[in-house]
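Me: Please take a close look at one part of this model for me. I would like to see how that part sits in the rest of the chain.

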Amino acid sequence: MERTKDYIHSGGITTAVDPGVIITPDMYQQMTNILLDESLPMDYWLIPAGNFTYSMAGYDAEKGKQLAEQQTVQFASIEQIQWLPKYIKLFSDGAMYSQLMQLKDGYIDGHHGEWLQTPAELEDSMRPYWHDDYTIMVHANGDLGFEAAIDIVDKLNAEYPRSDHRTGFHHLGITDVDDIPRAVKQGSNFSVNPYYTHILAENYSANGVGAERAEVMARGRSFIDAGGLLSLHSDAPMAPAQPLSLVWAAVNRIGLSGETVMGPQERISVDEAMRAITIDAAYTARLEDQVGSIDIGKQANFTVLEQSPYQVQPKEINQINIQATIYQGKVHPISQSNAGMQMTQTTQTALNALNQHQGEHGHHHDHDHDVCETSLLFQKVISAM
Ligand SMILES: [Zn+2]
């Protein structure tokens, strides 16, 4: 965990949001001991995993909400590790890496996707949060999972209309362009892991998904052109916790071979991608008045780069050296910048854990224990470090 802290800091991060967390006393102890041991030069925001508390409560939505709220009281915010107030993460369909997302037209090899929460469960568990003005983040990976989540938000918004709900659809591996305008109209926003394109698009073109859908995975342009607000996330270790690598991925969309541009029409500009890791990401966490841009009255949090992302070749954005962060006005130098696409030890450990995970589980999925495939993997990676 010590190394995790350095790793995140070396990506130039001053604010991190970790959605879908369930804390145990051991974890809390570890987190507070190690992360707060010296200075943790960043705000680290947590969001409870509402699907987990819902199943813990025997699928009683109100009780599930109470359990999620108890988490934030029992494991109170401490210094920079805080719960985002009135935020919850819920889940639609399965993961991209294990090809368990739900696809409208299915898989080319005939296997089936899964629901982490079925649409009925998602709607039932979301209702009390919606009616209590929570901000809801929904994990959705496939076009069918995305469509189901949009339908549910429309339904709840008809029951109890809200003007600034900022529901966020997260990950968004495979999406149908026709669904995007509906999500924009209902006031939802989009957070994409653009690294999927780099790691998976070439592979999935041949396996499971097929070229037509795989090439435009983790769309960018379509969300922005529909008038949507787009942020980029790493879902570390699903992608490096290096925001400039996310910018690089979204701007260039280069496949793992290093040669092919995947779905060039979905590339976004450097400026759009820089907004997506700063002010537009801050908006999704309702922190846009505190961080995300440099302005009077905001926190003095900055990242010091050796070169401007606007001035280097787009393909070299991930090579920019990160010299330091400034957190609350204090300089925190970075001795070893994680610039570049070299496999860091952390990424390697993550990929190993991922392979192990696929080996162990294949397409099997344990509904009650899979809080989020990602956070399980992250725990594995941390324990392997
Ligand atoms: Zn997720």
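The part I have in mind is helix 6: which residues does helix 6 bury, and what do the buried residues pack against?

Reply: A caution comes before the details. This is a predicted model. The average pLDDT of the chain is 88, and 85% of the residues score at least 70. Two stretches fall below 50. One is residues 355-374, which has 26 contacts in the model beyond near neighbours in sequence. The other is residues 376-385, with 20 such contacts. Low pLDDT means that predicted coordinates should not be read in detail.

Now the frame. The chain has 385 residues, and 50% of them count as buried. It has 15 helices and 11 strands. Take the contacts with a separation of 6 or more: 73% of them join residues 24 or more positions apart.

Helix 6 covers residues 143-159. Its length can be checked. The helix has 17 residues, and at 1.5 Å a residue these should span 24 Å, because the expected span counts one less than the number of residues. The end C-alpha atoms are 25 Å apart, which agrees.

Next, burial. A residue counts as buried here if 20 or more other C-beta atoms lie within 10 Å of its own. In helix 6 the buried residues begin with an unbroken run: Asp 143, Leu 144, Gly 145, Phe 146, Glu 147, Ala 148, Ala 149 and Ile 150. Ile 152, Val 153 and Leu 156 complete the list. Asp 143 and Glu 147 are buried along with the nonpolar residues.

What do these residues pack against? Two helices and two strands. The helices are helix 5 (119-131) and helix 7 (180-185). The strands are strand 5 (135-140) and strand 6 (168-171).

One of these partners holds an unusual backbone angle. His 171 lies in strand 6. Its phi is near 90 degrees, a positive value in a residue other than glycine. His 171 has 29 C-beta neighbours inside 10 Å, so it counts as buried. Gln 99 also has a positive phi, near 50 degrees, and is not a glycine. Gln 99 sits in the loop between strand 4 (87-91) and helix 5. With 24 C-beta neighbours inside 10 Å, Gln 99 is counted as buried.

Helix 6 also feeds the largest nonpolar core. In soluble globular proteins, nonpolar side chains tend to be buried together. The largest core here has 98 residues. Helix 6 gives the largest share of it, 8 residues. The members that touch the most others are Ile 136, Ala 149, Met 217, Val 247 and Ala 273. Ala 149 is among the buried residues of helix 6.

Val 247 shows what such a member touches. Leaving aside neighbours within four places in sequence, its contacts are Val 270, Ala 273, Met 274, Ile 277, Pro 309 and Ile 317. Ala 273 is itself one of the members with the most core partners.

Ser 231 gives another view of the interior. It lies in strand 8 (residues 230-232). Ser 231 counts as buried because it has 24 C-beta neighbours inside 10 Å. Beyond four places in sequence, Ser 231 touches Ser 191, Ala 276, Asp 280, Ala 281 and Thr 284. Asp 280 is 49 residues away along the chain, yet the C-alpha atoms of the two are separated by 5.8 Å.

Two sheets fill in the surroundings. The first to describe is an open sheet of 3 strands, in the order 1-2-3, with parallel pairing. Strand 1 (15-21) and strand 3 (81-83) each have a single partner strand, so one side of each is left without a neighbour in the sheet. The twist averages 25 degrees from one strand to the next. Strand 1 is joined to strand 2 by 6 bridges, with Asp 18 partnered by Leu 46. Strand 2 (residues 43-48) pairs with strand 3 over 3 bridges, and Trp 45 stands opposite Gln 82. Of the 7 residues of strand 1, 6 are buried, so this strand is largely enclosed by the rest of the structure.

The other open sheet also has 3 strands, in the order 9-10-11, with antiparallel pairing. Strand 9 (302-305) and strand 11 (330-333) are its edges, each paired on one side only. Strand 10 (residues 322-327) meets strand 11 over 4 bridges, and Ala 324 stands opposite Pro 333.

Key. Residues numbered from 1 in each chain as written. Predicted model: local features only at pLDDT ≥ 70, side-chain atom pairs only at ≥ 80, totals over all residues. Pairing = 2+ DSSP bridges. Axes fitted to C-alpha atoms, helices over the stretch in contact; angles between N-to-C directions. Buried ≥ 20, exposed ≤ 12 C-beta atoms within 10 Å, placed from the backbone. Contact = placed C-beta atoms within 7 Å. pLDDT = per-residue confidence, 0-100. Core = buried A, V, L, I, M, F, W, Y, C linked by C-beta atoms within 7 Å.
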